[in-house]
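Please open the model in a viewer and follow the selections below in order. Each stop gives a selection and then states what is to be found there.

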Amino acid sequence: MSAHNIEIALAVAAVALLGLDAFVPTLKRDIIPKLSIGLVGLALLAMFFAKGDTPAYLASYYRIDSIAMFYKVFALVATLAALIIAREADPVIAHFTGTEGPSTRIAEFYILPLIVCVGLMWMASAQDLISVFVPLELVTVTFYVLVAFARRSAVSLEAGVKYLILGALSTGILVYGIAWIYGATGSMTFAGIAKAVGAASTSKSALIVGAALLLAGLGFKVAAAPFHVWVPDVYQGAPTPVTAFLSVGSKAGAFIVLTRAVQALTATGSQISGEVQTTLLWSGVITILFGSLAAITQTQIKRLLGYSSISHAGFILLALAAGDSARFGISSEGVVAFYLATYLPMTMLGFLLLAVLRSQGVAEELSQLQGLSKRSPGMAFALAVAFASLAGLPLTAGFIGKMLVFLAAVDKGWYGAVGLAVVGAAAGFYYYFRPILAAYSAGKPEDTALRWSLPAKATAAVLVLAIVTLGVYPKALQSALKQNIVLTSAGK
Amino acid sequence: MITLNHYLVVAAMLFAIGLAGVVARRNILTIYMCLEMMLSAANLTLVAFSRFHLHDGLPDYHAQALVFFTITVAAAEVAVGLAIIVALYRARQSVDVTTVTKLQG
Amino acid sequence: MPAPLFYLLAFITLGFGLLVVLARNPVASALSLVMCFSGLAALFVTLDAYLIGTIQVLVYAGAVMVLFLFIIMLLDIKEEEKKGQRLTAVVGGMILAAVLTLQLTSMAGSFPLAKTKLDDKPLDISAASTAAKDKNHPLHSMQMIRKDLDAGKLPDTALMGQTLFDQYPLHLQMMGLLLLVGTVGVVVLSRRDTAKEESKGA
Amino acid sequence: MNYELTAKVLLLLPLFSALTILLLHKLLREASVYVSLGSAIICLICSVRLLLSPPSGDSMEGMLLPFLNLPGLKADFGYILDKQAIGMMFIVTFIGFLVHLYSTAYMKEDDARPRFFGALSLFMFSMTGIVLSSHFVMMFVFWELVGLSSYLLIGHWFKKPEAADAANKAFMTNRIGDFGFMIGILCVWALSFVGTISDKPTTTHALAAPEQLLATKMANSPTAVTTEGADYTGDIRFSTLATTYPKSSSSSIPGWLLTLAALGIFMGAVGKSAQVPLHVWLPDAMEGPTPVSALIHAATMVAAGVYMLVRAQVVIAASPLAMDVIAWTGGITALLAALMAVQQNDIKRILAYSTLSQLGYMVMSVGLHAGEAGMFHLYTHAFFKALLFLGAGAVIYACHHEQDIWKMGGLKDKTPMTFVTFAIGTLALMGMPFMSGFFSKEEILLAAKHECWGLLTIGVITAFLTSFYMTRCVVVTFFGKARGEGANHAHEAPMVMLVPLMLLAAFSILSGYGPVAEKLKALKPHGPHGDGAGLVMGLSIGVFVLGALAGLKLYWGKDKDPLNIPLFANRFYIDQIYAMIVKIFQDRLAWIVTAMDTIFADGLAARLPTAVACRVGRTARSLQSGQLQGYGFVFGAGLILAIYLMTR
């Protein structure tokens, strides 16, 4: 079985589930969520037996290589985690959609993520700009619906409107960018672009316009400064599972596209590789600084995670800008992939805890965390692990990711950029530890113990384990995936 | 005589007008129209380039395929977008963006 | 193509585009946009993209704009009040537009291909007809298209269909999925509150 | 002797003990105390054996746990056993063991004893980790762990709000230092392969020009990804630092980067060793149990900063500017803390300020290119300061938890053993000739004389003040009449508490001499026979005598024996003038010191960076106005900026 069949099967399954929901009104409320989670789990399982070869009839725009396989698995894992978080957040969502009754259900909330997953999986293999555009829009449009899903909540609607307008704006910019790149190179495929960027006949000025527009359009999706402004608002307003999915899934999908686009634009001999690098570098540094500094005075935890997501995007951009480092044997796509792999468990864990806490009536404010260690030691510990890893504490996954980025930047001799990134990381040490301190400070006496469901507990345990494993033994990722992509040669 | 440049300039101006509208207008529906305008400007650029990158004497239909997809996406986007705007109007009786500022900081 | 025609179409497109932004009444904006898109469709046709031009009229100027007008009427949206208008936003928008236009046009000017005249680069259908005789050419087995090409006609719609169905079948499927998501999304977002209904009924 | 096994035992046994107590404290109850005590004994035996038969060549390295071994960063957990580590290990385990022993009696009435001993074991684990650390990353990990255990122990009586506040204050203040430390480590690591990078023609600094970036990119095209024969370093082990770390002379490295690295590393020490301006946490940390104060906040942990600075001497020495900053920070800390100590009434606070002052000495000596003198002072200080704290603990214990020296008095008869040992510790601290403190202090002063007259003056004044306030402390506490309830009913501490005092007293004298000092000294010292040794010796003896006399004269008078009034009226008169003058000066000084404390310590050091960061953060957040139009504008402006940047 070839890997692309899995995404086709997933798309068919999503449509079938929608049909099931529409035509079988007597279905129990939790059947669709369970089916949905089961299907994604099945797809994930199938992925490990999938063959990594590209079918010939797709070869002109679709390729399954090791990096594509990595992002496909990544998309499935992120979807699975988002669905599990969605189950935890179910009561809250139901409250804001007016579907609390036992005879009602919110099946779409569990089916639309499958469609997003299909889009993300396809994006990982896309080899030309049309094949990038179509799944990217599939993902974006689905997210418009998901962000505004809790339509009786004012903030969810507001987030939906903001995401919609700015998302459509970025779509316009992206298409315009694609048009200019096509105009300059005469080609839509990455291979064709890579060939043309070095040719003397290609106009540099047209390339630059195209590259700037393309980077801006994709910069919106990955939350690169200055196209990050939507992130805190939308992350705070969207339902927690959607925020988690948006910050991990959508971001990873955009990063694989950005990686391939940057690779094509900076191919050997390219006229504009210096310009692209500088832009990415500046954007990355500003993104890190903005994300970290703005988070310092933040007390809303979901918003804090939004700013955190911005600053992490900055680190990944820095890795992209730095490119491959022969000296350290790390490739830029490997660092990006590894950083995202470390980013997934810690972010997902943070949002999972938020969803569990929210369903227990704990609001997303820092002060509400006080006394958490007494109310639920397990949750407090998981929270501490997640935030310590987000901060980049040694022995956690976050540390290794940041370190690889610094390594790549140091190899380029960008000490100023590294210095500024370190300032961002140090600020992170300050604001990420505030939730931990709050969780371990004394609470009010009337606080009761908190409970969490078995699936949530098990998921949290798996994520904690992943964070620690990646932090202590980063090679584990490589051997688990059997793909030689994560730390190209560092892992050898 | 008309050159490719003429088309590009028209598209660029249309794009810029759209952007100005997005920034300056307060009615979300008008903003959305301006966004559609920007998307159309991009389409014009694509079509113009496809006409000038001839393949065997024919326009490059790959670029036109992208235009086709863009228009489809825009249609779907408009449907979802208008649904969100209607939901917003139901909740607030207004489509003025300057009132949509609960999330900030 | 005669230059005055192009300038007329460009004037219609840009002028009505500007009106979309300037008109305070949303209905006027929407109607201006219809005109703007019609001008744009005509520009597409001058570029030999007949199908795209048609779609632009049918989908955009037709369906989409009707949807807009419908929503404007449904919600009974009033004119924007003048005094609430923010000067900073207006000035900011104008500055952005001016600078961006300046940048993009100067870039387009320094682009060699851009200086090619439309009439200097005519469609060469006989070349396409010769090329299609090659066995490996994607159009080789397309009898209808080849017949038109041999007759010196441009089978625009057929070529577009050939490209879409031959080259991008999976993309079309995904577009279907996207439209399905759009439908589901609209249903989800504008569904009546069932819980409320139930409680009313009870 | 199996060194690797010894190192593993030293590191892992306390961890094992801590984990056992953590997991099984309900089952073990009182036995927890003995688990912890047992591990402390075994560790002491191990370190004594190391001390007696050090590895050949006086240094060896090995691996404990594989962690990171990438091209570009070698950070496997290893151990290093050289003279410095072995000496420090002896101090940690020896004083650690005595404090364990002492605590069995001191904490007898505390219900939370298992928790206390568990945290103590955790501290021992972290501290041996710091001592054994073979590189910066490992040291940073244990650095944080030490901070954690210190937090737990200061806040042991967390129900007392002062204790909880003090624990938080210590934790937060140390974070500030640790940011710096982390930045320093990253700089050191980055610099460790600057040498190899600078060989390439494409070296670019900071946000380099596009042409250079282009060149760099082309030199590193994707096809070039291979490690075969790649020359990389990224080695941050202490043992190889001397060869890999760039010297200040190498031209290709910007000087500010070297300074940043050195000052970053120093920031870590400023936090942990409580130097001005981050010293504020240490006096408050005295809210913890007294044995903890002796072990952590006097003898070992606070000295870790100095230990680390000596380890990283290569890094610091690469920047002359940083050396000056370090020396003056140390000197100023020494002087200010001594001034503050003069007007304290709480016996533990007097000792706390004195610890600050002595740490200032050590840091100063590191900045004066005399790390070995600093280490020597660290060793001698560890013995006599632990002695003083444990003695103070015995006094407090004797007086039923009374800590105000003015409510004590006349204790020399009621607690003779405590008095004798406390006096020995005091004399050693004051730098009385032939006591250990005399030798080590003199080496520092000698180094100061060689380098900088200003610092010598500060050192001498501090020595005078030390002598003065310690005399005051002893006189008021032990002499005269009992002035409080507690002191009236004072009783000698039990034997378990006295044995550590006696042992420490012996070491307070001996550690300055021949065999013991030689074994302990980390590095080869200058020796007191250098140029100007006579002058320094004269000065230090002089100020010792002067300070002691001044203290005696002033405070003997506070012994309000009515019989003395007619006989010593005249003397009383002088005393009053003295007292008045001193009072005026003391108050003035105290006011100045407090003001500086508020402005510099709380204001500039702690609040300013926070305020700046918050200010910047708020500005950044104000961009997030929530206005869609504004966001649209930012998008457009960003787009224009991107095009502009790329066409530039």
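Select Leu136(A) and display its surroundings: leaving aside residues up to four places away in sequence, Leu136(A) touches Met123(A), Leu174(A), Leu218(A) and Lys221(A). The model is a predicted one. Leu136(A) belongs to helix H5 of chain A, which spans residues 129–147. Is Leu136(A) buried or exposed? Leu136(A) counts as buried because its relative accessible area is 3%, under the 20% limit. For a sense of distance, add Tyr431(A), which lies 295 residues from Leu136(A) along the chain; their C-alpha atoms are separated by 33 Å.

**Salt bridges within chain A**

Over all chains, the count comes to 18 salt bridges. Begin with Glu7(A) and Lys72(A), whose side chains meet at 2.6 Å, N to O. This pair links distant parts of the chain, with Glu7(A) in helix H1 (residues 3–23) and Lys72(A) in helix H3 (residues 66–97), 65 residues apart. Both Glu7(A) and Lys72(A) are buried.

Next select Asp233(A) and Arg303(A), which form a salt bridge at 2.8 Å, N to O. Here helix H9 (residues 230–237) of chain A supplies Asp233(A) and helix H12 (residues 301–322) of chain A supplies Arg303(A), 70 residues apart. Asp233(A) and Arg303(A) are both buried.

Move to Lys302(A), also in helix H12 of chain A, and to Glu364(A), in the loop between helix H13 (332–359) and helix H14 (372–375), 62 residues apart. Their side chains meet in a salt bridge of 4.0 Å, N to O, and both residues are buried. Then select Glu158(A), Lys162(A), Asp233(A), Arg303(A) and Arg92(B) together: salt bridges that share partners join these residues into one network.

**From chain A to chain B**

Arg92(B) leads to the next interface. Its side chain forms a salt bridge with that of Glu158(A), at 3.6 Å, N to O; the count across the interface of chain B and chain A is one salt bridge. Seven residue pairs are in polar contact there, both residues at pLDDT 80 or more. Helices H1 (4–24), H2 (28–52) and H3 (61–92) of chain B each give two or more residues to the side that touches chain A. Which of the elements gives the most to that side? H3(B) does, with 14 residues. By class, that side has 27 nonpolar, 10 polar and four charged residues.

Selecting the whole interface shows 41 residues of chain B in contact with 38 residues of chain A. The two chains bury about 3400 Å² between them, 80% of it on carbon and sulfur atoms. In chain B, Glu77(B), Ile84(B) and Leu103(B) lose the most area to chain A, together 21% of what that side buries.

**From chain B to chain C**

Now select the contact between chain C and chain B, which takes 94 residues from chain C and 71 residues from chain B. About 7400 Å² is buried between these chains, 78% of it on carbon and sulfur atoms. Zoom in on Arg51(B) and Asp48(C), whose side chains meet in a salt bridge at 2.7 Å, N to O. Among the residues on the side of chain C that touches chain B, 63 are nonpolar, 19 polar and 12 charged.

Finish by colouring chain C by pLDDT: the average is 86, and 91% of the residues score at least 70. Over residues 197–202 of chain C, pLDDT stays under 50, and the model has three contacts for them beyond four places in sequence.

Key. Residues numbered from 1 in each chain as written. Chains lettered and ligands numbered in written order. Heavy atoms only, no water. Contact = heavy atoms within 4.5 Å. Buried area = accessible area lost by both parts, 1.4 Å probe. Nonpolar A, V, L, I, M, F, W, Y, C, P; charged D, E, K, R; others polar. pLDDT = per-residue confidence, 0-100. Polar contact = N/O pair within 3.5 Å; in protein donor to acceptor, adjacent residues only side chain to side chain. Helix = DSSP H or I, 4+ residues; strand = E, 2+ residues; numbered from the N terminus. Buried < 20%, exposed > 50% of the residue type's maximum accessible area, 1.4 Å probe, protein only.
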